[in-house]
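Hi,

Here is the structure I promised to pass on. Have a look at it first, and then read my notes below.

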Amino acid sequence: SEAPHPGGIGSPVIVVDTREQAPYVFGGLRTERRKLDAGDYSLVGHEDRTAVERKSKEDAYGVVGTGRARFEQCLARLERLERPAIVIECTLAEFAIPPPQVERVTGAMAVGSFISWSCQYRIPVFWCGSRAAAERVTLRWLAAYLKHVAHATKC
């Protein structure tokens, strides 16, 4: 069966973190800009339970290198949620090839770091084929949270 669609009449509103510089638009679904304690996207009323952290390929490489300590603090905040996730805006095969400007971080190091973090913090990582695909995965993750977790606990 279909997951609830977070955008119809009376449906939840997607929260977009105010620090998100190029936010997803979610096909015109209702959104609200607000500072989130963890992640870039969540749902109104569920901000302390679910969130998605978005990373472009370049951002993801940055957190493996110089931004590692700061990102691990971000992961610790995400870990406190019931259902966090990370989306990366490229495929795993694309991610394994470092961006041209990156030095000292190999593809194997970057992939290995995200797999290790996924295990350590129990946060799934989704390598998506594009920004548009990552937006769809983010929306589906939030909808799945509503279907399988939020609504299930109210019964």
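Let's start with the overall layout. The chain has 5 helices and 6 strands. If you walk along the sequence, they come in the order β-β-β-β-α-α-β-α-α-β-α. Keep in mind that this is a predicted model.

As for the overall dimensions, the radius of gyration is 15 Å, close to the 15 Å that the globule rule gives for 155 residues, so the chain is as compact as a globular protein of that length. Along the principal axes, the C-alpha atoms fit a box of roughly 50 × 30 × 30 Å. Buried residues account for 45% of the 155 residues. Among contacts with a separation of 6 or more, 66% join residues that sit 24 or more positions apart.

Now to the part I spent my time on, helix α1, which covers residues 57-64. Which of its residues are buried? They are Lys57, Ala60, Tyr61, Val63 and Val64. Looking down the axis of α1, you'll find these buried residues within an arc of 160°, so they line one face of the helix.

And what covers them? The cover over the buried residues of α1 includes two strands, β4 (50-55) and β5 (83-88), along with the helices α2 (68-79), α3 (92-95) and α4 (107-121).

Of these neighbours, I looked further into α4. How do α1 and α4 pack? Their axes are 10 Å apart, at an angle of about 80°. Angles of 65 to 115 degrees count as roughly perpendicular, and the two helices are therefore roughly perpendicular to each other.

You can pick out the residues on both sides of this contact. From α1 come Ala60, Tyr61, Val63 and Val64, and they meet Gly107, Met109, Ala110, Ser113, Phe114 and Trp117 of α4. Sorted by class, the contact has 8 nonpolar and 2 polar residues, with no charged ones.

One last stop, towards the other end of the numbering: Ala143, in helix α5 (residues 131-153). Is Ala143 buried or exposed? Its relative accessibility is 1%, and buried means under 20%, so Ala143 counts as buried. If you want a distance to try out in the viewer, take Ala143 and Ala93: they are 50 residues apart in sequence, and their C-alpha atoms are 27 Å apart in space.

That's what I have for now. Over to you!

Cheers

Note on methods
Residues are numbered from 1 along each chain as its sequence is written. This is a predicted model: local features need pLDDT of at least 70, side-chain atom pairs count only at pLDDT 80 or more; totals for chains, interfaces and linings use all residues. Side-chain values use heavy atoms; hydrogens and water are left out. Buried means under 20% relative accessible area, exposed over 50%, partly exposed in between (1.4 Å probe, protein chains only). Helices (H or I, at least four residues) and strands (E, at least two) are DSSP runs, numbered from the N terminus. The arc is that of the directions from the helix axis to the C-beta atoms. Contact means heavy atoms within 4.5 Å. Axes are lines fitted to C-alpha atoms, for helices over the stretch in contact, and angles run from 0 to 180 degrees between N-to-C directions. Angles under 35 degrees count as roughly parallel, over 145 as roughly antiparallel, 65 to 115 as roughly perpendicular and the rest as oblique. Ala, Val, Leu, Ile, Met, Phe, Trp, Tyr, Cys and Pro count as nonpolar, Asp, Glu, Lys and Arg as charged, and the others, Gly among them, as polar. The radius of gyration is taken over C-alpha atoms; the globule rule is 2.2 Å times the number of residues to the power 0.38.
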